[in-house]
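Visitor: I would like to go through this chain step by step. Please show it first.

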Amino acid sequence: MDAEALDELAGQLHGEALGGRGLLQLVATTGLAAYAVWAAVLMPGFRRVPLRLQVVEAYKQGLRPAVGYELNPWLLWLARYRARKAGYEGKVSFLKQDLWKVNLSDCYNVIVFLAPSVKPPLAAKLLAELPDEARVVAGRFPFPCWTPSSTIGQGLEQAWAYDMKEVRRAARSRTEGCAL
């Protein structure tokens with residue numbers, strides 16, 4: 001870029017009129033930036049979650065209380081909206097809380113829909129906090145070092161169920177391999 005082009009760019013940034021072409025470039029760049037934020041941050045949470053892993057479905061199956069934890073305000077709003085639309089407002093709860101700070105020691109049915117990179121630290125939290133009678137269901141991605149007691153579905157619709165008593169028994173007998 002030559003000095004004249006730099007001067008023109010500096011003039012545009014200091015309040016001179018952008019003109020039609022400059023305005024078009026600004027709008028296109030802003031739109032591209034907004035899409036990048038959507039694709040990287042928000043879109044993964046809006047992907048279809050298998051029905052059997054939704055908090056509303058857990059409530060329908062008799063798992064109570066049915067509580068979801070979410071920090072992303074857009075996803076929290078969407079979850080509450082979908083529960084209200086399905087007629088379950090007040091029956092299921094979605095809380096804006098950090099899952100890592102929530103005490104799960106009184107939970108007996110835990111459903112997780114999280115990325116593989118989160119599973120090892122989450123496995124350690126669940127092992128430390130959940131009672132032996134608890135069951136954990138993981139959607140889309142299994143816990144890498146746990147052996148499921150059952151699985152259903154295939155591909156993106158697959159879910160793995162783990163009984164904590166069995167997970168702990170296997171962890172105690174394991175002498176090498178995956179870290180918990």
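Visitor: What share of the contacts with a separation of 6 or more comes from residues 24 or more positions apart?
Guide: This is a predicted model, where local features need pLDDT of at least 70, side-chain atom pairs count only at pLDDT 80 or more, and totals for chains, interfaces and linings use all residues. Residues are numbered from 1 along each chain as its sequence is written, and side-chain values use heavy atoms, with hydrogens and water left out. A contact means heavy atoms within 4.5 Å. For pairs 24 or more positions apart, the share is 58%.

Visitor: Where in the chain is confidence lowest?
Guide: pLDDT is the predictor's confidence in each residue, from 0 to 100. The chain has a mean of 78, and 67% of its residues reach 70 or more. Helix 5 (residues 119–129) has the highest confidence, at 94, while the lowest, a mean of 57, belongs to helix 2 (residues 19–46).

Visitor: How many contacts does the stretch 42–46 have beyond near neighbours in sequence?
Guide: The pLDDT is below 50 over these residues. Where pLDDT is low, the predicted coordinates should not be read in detail. With that in mind, the model's count for residues 42–46 is 12.

Visitor: In what order do the four strands of the open sheet run?
Guide: Helices (H or I, at least four residues) and strands (E, at least two) are DSSP runs, numbered from the N terminus. Two strands pair if DSSP finds at least two bridges between them. The pairing in this sheet is mixed, and the order is 3-4-6-5.

Visitor: Which strands stand at the edges?
Guide: Each edge strand has a single partner strand, so one side of each is left without a neighbour in the sheet. They are strand 3 (109–112) and strand 5 (150–152).

Visitor: Which residue of strand 6 stands opposite threonine 151?
Guide: Strand 5 pairs with strand 6 (residues 159–163) over three bridges. The sense is antiparallel. Opposite threonine 151 stands tryptophan 160.

Visitor: At about what angle does helix 6 run to strand 6?
Guide: Axes are lines fitted to C-alpha atoms, for helices over the stretch in contact, and angles run from 0 to 180 degrees between N-to-C directions. Helix 6 (residues 164–173) lies across strand 4 (135–139) and strand 6. Its angle to strand 6 is about 75°.

Visitor: Within what arc do the buried residues of helix 6 fall?
Guide: Met164, Val167, Arg168 and Ala171 are buried (under 20% relative accessible area, 1.4 Å probe, protein chains only). Their cover includes helix 5, strand 4 and strand 6. The arc is that of the directions from the helix axis to the C-beta atoms. The buried residues line one face of helix 6, because they fall within an arc of 95°.

Note on methods:
Buried means under 20% relative accessible area, exposed over 50%, partly exposed in between (1.4 Å probe, protein chains only).
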